[in-house]
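Please work through the following exercises with the sequence and the model at hand. Each task is followed by a solution in steps.

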Amino acid sequence: MKRTFTIFMTLALVLAAYVGQAQRFLAETFSEVQVTRDVTYGVNATVLFFGTAGEAVPQQLKLDVYEPVGDEAEERPLVLVFHTGIFLPAVTNGDILGTKTDSAVVEICNRLAKAGYTAASVDYRTGWNPLAEDQPTRALGLLQATYRGIQDGRTAIRYFKKSHAEDGNPFKVDPNRITAFGVGTGGYLVLGLATLDDYTEIITTTNGPGKFLLSVEPLIPMVVQAYHGDIEGKVLTIAPDAAFGLPAGDTTNYVNHPEYSSDFQLCANVGGALGDISWIDEGGMPIISMQSAFDIFAPYDDATLIVPTTGDPIVRVQGAKAIAIRQNELGNNQVFIDAGINDDFTATAMTNSGNASHDYYEALYPITNPPNSNGLDEGVGINWWDPNAPVPAGLQGAGVPWNMLPHPAGGTFHTQGLALNEDMSAEKARRNIDTVMGYFYPRAFAALDLANWNRIENISPNEVNMQLAPNPVGNEVVLTSAEATPMRAIRIYDINGRLVRSFENVDYHYFFISRGNIPSGTYVVSVEFDNGLASRKVIFE
């Protein structure tokens, strides 16, 4: 009996701290989402059109913002979502994917908004040559493309902080609770964003050593700040001469919102890898990773990245397993361990870790699906497309349906896509996204300290004369309070803290609740008042 009483007292206190909002960030609690499209968050120089322009040209940087409809919160945690695409536009990269409106990105942003976040699908600069004849040139091109993506990611973070401080916070973001969430190539970007915080780390790699150097004597890195801009993207940069194939005097980095910080609090990687494991420092931010243990494109542990279309080697990188081991060695993921998350998604991650022949590392969800009938691993499997949809404007082959657009490797873009997603469908993708979000939500809740988001003080039921009768309950129960302290919202939770039923916008001192299908058991009724949250135990017979 004493243990049961302690459990309910603890549960009541926790519910008071969360103000019924634990459910908000752990599941979808809003039914509608509003989207503001093509918000310009900056301008910077792209080399994508270098072959025709002969120089880097200014490109507007765009993002789409997703917000919950009907939310009265003044500030929300912000999640920036970065799409895949191997740092090339869709079609040019040999794939249907590679835009801020990719199916998976749109689905993830909608789910985040419905869970109470502000989400933004962020486009970023692309451009490099994966078909270069030699490995060092391929490595140089990819590193420089990643570097520009990191600059753009930091620009996006600063844009939201500027809009918060100067523009009336139009998207209601909390500038101190920001997550960078990357899918595929976007995973490479956010991992670099989270860990590459010192330019010299490009020079001093360990796995392998010197892999981002063109020469040692003299020392010539593949990225030089005088030509490619600073690591924050805050300094106007003009090429001093024609090195790196750039014309002398070419502007390669424009300044965007330099007075604001690029700091953020959490990184989530789905299917990406890290440029070098040495970039992870003690005291670094928490990192959540979800990746196939048998990924044929992004190494899961420590291996050489290859060009997807040719199989040519690019550079040695470290994947989700190596990242998780390093994070846990340094204690960077301790916030997840302290949270004691033990749900079904975590249990499956533990099982999958055994299937992948390694121990479970907190914040690593291995995907261990068998290969498809083509003998190929399908990765995380969160994308789908309409085969009959036309290629979007601005891409090669615009207007031609995917199932009619010829692919360089043979067949159409649709049939090539099916090779790695043979039973492609929205239903299949959404099931996999269920897993991604189910693993992400409780960890984001812990890392961003969302238990203290919009916190309301716990008060005694006697303070507002809150009464509940009868108790135990048969078929109905009546809640009352003092006329001067009307109830604003009523929420019923089970012993595990799951929301069973809620009544919002009550705004009265008397409320009748029909039991309906609530199972027998002991629950907590949590009532929100203007001055705090009061809770009482209730038993349904």
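The exercises below concern a predicted model and treat nonpolar cores, aromatic pairs, a helix and antiparallel strands.

**Exercise 1. Nonpolar cores**

Task: Identify which residues of the largest nonpolar core touch the most other members, and which helix gives the most to this core.

Solution.
Step 1. The largest nonpolar core has 64 residues, and Leu80, Phe160 and Phe264 touch the most other members.
Step 2. The helix that gives the most to this core is α5 (residues 135-166), with 11 residues.
Step 3. Leaving aside residues up to four places away in sequence, the contacts of Phe160 are Leu63, Val65, Leu78, Leu80, Ala120, Phe171 and Val173.
Step 4. Another core, of 53 residues, lies apart from the largest one; Val91, Ala119, Ala349 and Trp453 are among its members.

**Exercise 2. Aromatic pairs**

Task: Classify the ring pair of Phe181 and Phe440, and state why it ties together parts that are apart in sequence.

Solution.
Step 1. A search of the whole structure yields 14 aromatic pairs.
Step 2. In the pair of Phe181 and Phe440, the ring centres are 5.3 Å apart and the planes stand at 65°. Planes over 60 degrees apart count as edge-to-face, so this pair is edge-to-face.
Step 3. Phe181 belongs to strand β5 (residues 173-183) and Phe440 to helix α12 (residues 426-447); the pair therefore ties together parts that are 259 residues apart in sequence.
Step 4. Both Phe181 and Phe440 are buried.
Step 5. Two further aromatic features may be added. One aromatic cluster is formed by Phe25, Tyr117 and Trp453. The charged end of Arg443 sits over the ring of Tyr439, at 3.7 Å from the ring centre.

**Exercise 3. Covering of a helix**

Task: Determine how many residues of helix α6 are buried.

Solution.
Step 1. Helix α6 spans residues 185-195.
Step 2. A residue is buried if its relative accessible area is under 20%.
Step 3. By this criterion 11 of the 11 residues of α6 are buried, and the helix is mostly covered. The buried residues include Gly186, Gly187, Tyr188 and Gly192.

**Exercise 4. Two open sheets**

Task: Give the strand order of the sheet of three strands and of the sheet of four strands, and name the edge strands of each.

Solution.
Step 1. The three-stranded open sheet has the order β15-β16-β19, and its pairing is antiparallel.
Step 2. Its edge strands, each pairing on one side only, are β15 (467-469) and β19 (510-514).
Step 3. From one strand to the next, the twist averages 15°.
Step 4. Strand β16 (residues 476-480) runs antiparallel to β19 and is joined to it by five bridges; Glu476 has Ser514 of β19 as its bridge partner.
Step 5. The four-stranded open sheet has the order β18-β17-β20-β21, with antiparallel pairing.
Step 6. Here β18 (499-503) and β21 (532-540) are the edge strands, each pairing on one side only.
Step 7. The average turn between neighbouring strands of this sheet is 20°, direction ignored.
Step 8. Nine bridges connect the antiparallel strands β20 (residues 521-529) and β21, and Ser526 is opposite Ser535 in β21.

**Exercise 5. A hairpin**

Task: Describe how β12 and β13 are joined, and state which residue in the turn has a positive phi.

Solution.
Step 1. Strands β12 (residues 302-306) and β13 (residues 313-318) run antiparallel and are joined by five bridges.
Step 2. Ala303 is opposite Val317 in β13.
Step 3. The two strands form a hairpin with six residues between them. In the turn, Gly311 has a positive phi of about 80°.

Terms used:
Residues are numbered from 1 along each chain as its sequence is written. This is a predicted model: local features need pLDDT of at least 70, side-chain atom pairs count only at pLDDT 80 or more; totals for chains, interfaces and linings use all residues. Side-chain values use heavy atoms; hydrogens and water are left out. A nonpolar core is a set of buried Ala, Val, Leu, Ile, Met, Phe, Trp, Tyr and Cys residues joined through side-chain atoms within 4.5 Å. Buried means under 20% relative accessible area, exposed over 50%, partly exposed in between (1.4 Å probe, protein chains only). Contact means heavy atoms within 4.5 Å. Two strands pair if DSSP finds at least two bridges between them. Axes are lines fitted to C-alpha atoms, for helices over the stretch in contact, and angles run from 0 to 180 degrees between N-to-C directions. Rings of Phe, Tyr and Trp (its six-membered ring) pair if their centres lie within 6.5 Å; planes under 30 degrees apart count as stacked, over 60 as edge-to-face and the rest as tilted. A charge sits over a ring if NZ of Lys or CZ of Arg is within 6 Å of the ring centre and within 35 degrees of the ring normal.
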